[in-house]
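Student: Please take one part of this structure and describe it closely. I would then like to see how that part sits within the rest of the chain.

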Amino acid sequence: MTRVLYLISVIVLTVLAGCATPPQQSKSETKAAITSGTLDLTQDTDDLWYRIRRGFAIPNIHTELADYWTQYYASHPDSVLLMTQRASKYLYHIVDELHQRGMPTELALLPFVESAYDPSALSRSKASGLWQFIPSTGRYYNLRQDWWQDERRDPIASTNAALDYLEYLYEFQGDWHLALASYNWGEGAVKRAIEKNERQDLPTDYLSLNMPEETRNYVPKLQAFKNIIAEPKKYGLTLPNVSNTPYFTKVRKYQDIDIEVAAQLAEMPVEEFKALNASFNLPVITADQQPVVLIPIDKIDKYQKNLRTYKGKLSSWKVHKLKNGESADAIAREYGISLSELRKINGFSSDMPSDVVLIPDDIERLKNSKTEAINVTQPSARSMGAGTHTIKKGDTLYNLARRYKTTVSELRKLNGLSNNTLKAGTRLRLPGTI
C-alpha cells in the first residue's frame, strides 16, 4: 500500500511539474543572487538531517526559479514526505561518503532531482539509478552493465562513481554551480557556453550562461530541496526521522540464492529487499563473482540465523556456463527441455546473451506448467525530468500519440492542453513517467 501511495503521489507531483511553467531567468540574475547560508547549531546531532544541514557548503542562489521550485515542492508535502522516506535507506551511506571526501552535503540531495531517490528510475535517454548514469558514463566509471547486473542501480557502486564524477567536474570547473550544470548538461557543453560569454565580455558564472531549459532549472531545483531540508517547518513540512547511523550492511554471497528466498530469510518484503539490491537483473543472485548483497542493519541477525537453519533450496535455478563452441540446442538437450523453452526462459531469440544460461531446477514442474520467461528486473521510467518530448515544427498530437503508443486525450490531459495546438520548442510530458 505504501508503495502504491508513493507512486500515485509522485506521479501527481511530476505530472503537475510538467504542466507548470516556471519563470524565465532574468539576465540580471547574476552573482548578486548567490549568498552563503547560516545554520542553527543547537539541533540534535543524532539526526541525519542535521548532519546534512551542518555540511552545506555550496553558496545559495536566490532567484525566481529557486523560489518557484521551493514553493512548488512545498505545495506537495505528501510527495516530498514519501520521497524522503525512500531516501532514508541510502542517505547515511551517501552523507558518510561525502564527509570522508570533504564534499558539500547538498550533493546528497541531488538524487531527489535526478531520480526522486528511486534506484530503479530509468529515463528515455537510458540514464539509470539514483544518480542517473547514462550507459557510456557508467562504463567509464567502471559500473558493471550486463545481463546479470547493472551497477548504475547499486547504491554503493553508483554513489562512489557519482562522487568521483562530481569531484572531477568541480576540479574542472572550479565552481560547484558550474560542476552541477556539467553533471546535467556535460562539461564540454558548459565549457563552450563559458567560452561564448568570454568572447562577448559577459560574466561566466552559472546564472549568466545561456543553457537549455532543463539545465537552467537544475540548480534551482537542488536549491529548492536544500531550502526545504534546511527549514522544513518554515514550509509546513515534516521530515521522517532518519538516524545518523548506517541503514544497511554488506553480505558477500558464496552460494547462489533466489532474491525471494533472500528476502524471506531477512524477514522483509521482496520489494524492500529489491530497493536495496536493485542492481540484480535476474531472480537469482549467482555466487560466481561473490557479489555483495545489502541487508538492513536491523535484519542482519535474523538473516544470518535463518540462513544457518534454512532447510530448503536456496535457489530454484541452475547456472550453466557455456563451453567453447557449445550451442543452445546442445544445452537444451542436456537438460531435457526444448530449445524454445530455453530461449524463452533466458530471454533470447537467437544468440545467447552471455556466457551462461539459467536452467530451472525443477524441469518436470516447468513442463507441467506454463513456461515463463525469467523475470528480469526492468528499471522503471520514473526519473524526475525524464519522459518528455521537445516539440518540433510539424509535430501533431496524433503523430506523437502513435509514436509513444498512447492517445491524444491522454497527452492533452497529462499536459493540461485545452486544444491540439503545439508550440515548437516546448516540452511535452509523456505517459508512464513522473
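**Helix H5 in its surroundings**

Tutor: The protein contains 19 helices and 10 strands; helices (H or I, at least four residues) and strands (E, at least two) are DSSP runs, numbered from the N terminus. The model is predicted, so local features need pLDDT of at least 70 and side-chain atom pairs count only at pLDDT 80 or more, while totals for chains, interfaces and linings use all residues. Residues are numbered from 1 along each chain as its sequence is written, and side-chain values use heavy atoms, with hydrogens and water left out.

Of the 434 residues, 50% count as buried. Buried here means under 20% relative accessible area, exposed means over 50%, and partly exposed lies in between (1.4 Å probe, protein chains only). Among contacts between residues at least 6 apart in sequence, 71% join residues at least 24 apart; a contact means heavy atoms within 4.5 Å.

The part chosen for the close look is helix H5, residues 91-101. Its buried residues are Leu 91, Tyr 92, His 93, Ile 94, Val 95, Asp 96 and Leu 98. What covers them includes helix H2 (48-54), helix H4 (77-87), helix H8 and strand E3 (248-252). After H5 comes Gly 102, with a positive phi near 70°.

Of these neighbours, H8 (residues 155-173) can be described in detail. The axes of H5 and H8 come within 10 Å and cross at roughly 35°; axes are lines fitted to C-alpha atoms, for helices over the stretch in contact, and angles run from 0 to 180 degrees between N-to-C directions. The crossing is right-handed, a term used if the near helix is turned clockwise from the far one by less than a right angle, left-handed being the anticlockwise case. On the H5 side, the contact is made by His 93, Ile 94, Glu 97, Leu 98 and Arg 101, and on the H8 side by Pro 155, Ile 156, Thr 159, Asn 160, Leu 163, Asp 164 and Glu 167. By class, the contact has five nonpolar, three polar and four charged residues. In this scheme Ala, Val, Leu, Ile, Met, Phe, Trp, Tyr, Cys and Pro count as nonpolar, Asp, Glu, Lys and Arg as charged, and the others, Gly among them, as polar. An α-helix has 3.6 residues a turn, so residues three or four places apart point the same way.

Thr 159, in helix H8, shows this contact at the level of one residue. Thr 159 is buried, with a relative accessible area of 0%. Not counting residues up to four places away in sequence, Thr 159 touches His 93, Ile 94, Trp 131 and Asp 154. The C-alpha atoms of Thr 159 and Tyr 90 are separated by 9.6 Å, although these residues are 69 apart along the chain.

Trp 131 leads to the interior. The largest nonpolar core has 69 residues, and those with the most contacts inside it are Trp 131, Phe 133, Leu 166, Leu 180 and Tyr 183. A nonpolar core is a set of buried Ala, Val, Leu, Ile, Met, Phe, Trp, Tyr and Cys residues joined through side-chain atoms within 4.5 Å. Beyond four places in sequence, the residues that Tyr 183 touches include Trp 131, Phe 133, Tyr 165, Leu 166 and Tyr 218. Another core, of 17 residues, lies apart from the largest, with Val 261, Ala 262, Ile 285 and Ile 295 among its members.

Phe 225, located in helix H11 (residues 213-230), is also buried, with a relative accessible area of 3%. Leaving aside neighbours within four places in sequence, Phe 225 is in contact with Tyr 73, Met 83, Leu 109, Phe 112 and Val 113. Phe 225 and Tyr 73 lie 152 residues apart along the chain, with 7.9 Å between their C-alpha atoms.

A buried strand and an exposed loop residue complete the context. Five of the five residues of strand E8 (residues 356-360) are buried, so E8 is largely enclosed by the rest of the structure. Val 356, Leu 358 and Pro 360 point one way from E8, and Val 357 and Ile 359 the other way. E8 runs antiparallel to strand E7 (residues 317-321), joined by five bridges; two strands pair if DSSP finds at least two bridges between them. By contrast, Asp 201, in the loop between helix H10 (187-199) and H11, counts as exposed at 72% relative accessibility. Asp 201 has a positive phi of about 55° although it is not a glycine.
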